[in-house]
Amino acid sequence: MNPPSDAPLTAGEDGENHLLLTATLTGRETLRYNLSGVPVTECTLSHASRQLEAGIERQVRLDISAVALGDLARELAGIDPGTRLTVSGFLTPLRRSGRALCLHLTRIDQY
């Protein structure tokens, strides 16, 4: 039996949520601070690759919204658009009631 969707979760409960992506930083907002005083930087990442699916090569192109908080937000704020990155993080809904996704960054490595 699954808990109600509004039931509180604990870390690691209900499976994994980890994304590793190679992408180009195509847009970045100015560093800001949330109501709690935590640094926040939002950005857009663009990815392009060829992936093998069911024995068929597929071209993949996508843009994804991402956000970094704390020290990682400060780091992201100093990276110029056009920079190639390998990022990792977890996915959340962009808006509470929406279906669009946002990648919350937990690591950024520049090429």
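These legends accompany several close-up views of one predicted model.

**View 1. The fold at a glance: 1 helix and 6 strands.** Starting at the N terminus, you will meet the elements in the order β-β-β-β-α-β-β. The protein has 111 residues, and 28% of them count as buried. Take contacts between residues at least 6 apart in sequence: 54% of these join residues at least 24 apart. The accessible surface amounts to about 8,000 Å², with 50% of it belonging to carbon and sulfur atoms.

**View 2. Inside the largest nonpolar core, a set of 17 residues.** Leu45, Leu76, Val87, Leu105 and Ile108 are the residues with the most contacts within this core. Two or more core residues come from each of strand 1 (19-28), strand 3 (39-53), strand 4 (56-69), helix 1 (71-77), strand 5 (84-93) and strand 6 (101-110). As background, nonpolar side chains in soluble globular proteins tend to be buried together.

**View 3. Leu76 and the residues it touches.** Leaving aside residues up to four places away in sequence, Leu76 touches Leu25, Arg28, Thr41, Cys43, Ala68, Leu105 and Ile108. Among these partners, Leu105 and Ile108 also appear in the list of core residues with the most contacts, as does Leu76 itself.

**View 4. The largest pocket, holding about 300 Å³ of space.** Its lining is made up of 19 residues, and Arg32, Glu42, Ala66, Val67 and Cys102 lie nearest the centre. Strand 1, strand 3, strand 4, strand 5 and strand 6 each give two or more residues to the lining. By character, the lining residues split into 8 nonpolar, 6 polar and 5 charged.

Note on methods:
Residues numbered from 1 in each chain as written. Predicted model: local features only at pLDDT ≥ 70, side-chain atom pairs only at ≥ 80, totals over all residues. Heavy atoms only, no water. Core = buried A, V, L, I, M, F, W, Y, C linked by side-chain atoms within 4.5 Å. Buried < 20%, exposed > 50% of the residue type's maximum accessible area, 1.4 Å probe, protein only. Helix = DSSP H or I, 4+ residues; strand = E, 2+ residues; numbered from the N terminus. Contact = heavy atoms within 4.5 Å. Areas by Shrake-Rupley, 256 points an atom, 1.4 Å probe, with all protein chains shown as cover. 1 Å grid on protein atoms, 1.4 Å probe; cavity = no way out; pocket = protein on both sides within 12 Å on 5 of 7 lines; lining within 4 Å. Points joined across faces, edges and corners; volume = space filled by probe spheres on them. Nonpolar A, V, L, I, M, F, W, Y, C, P; charged D, E, K, R; others polar.
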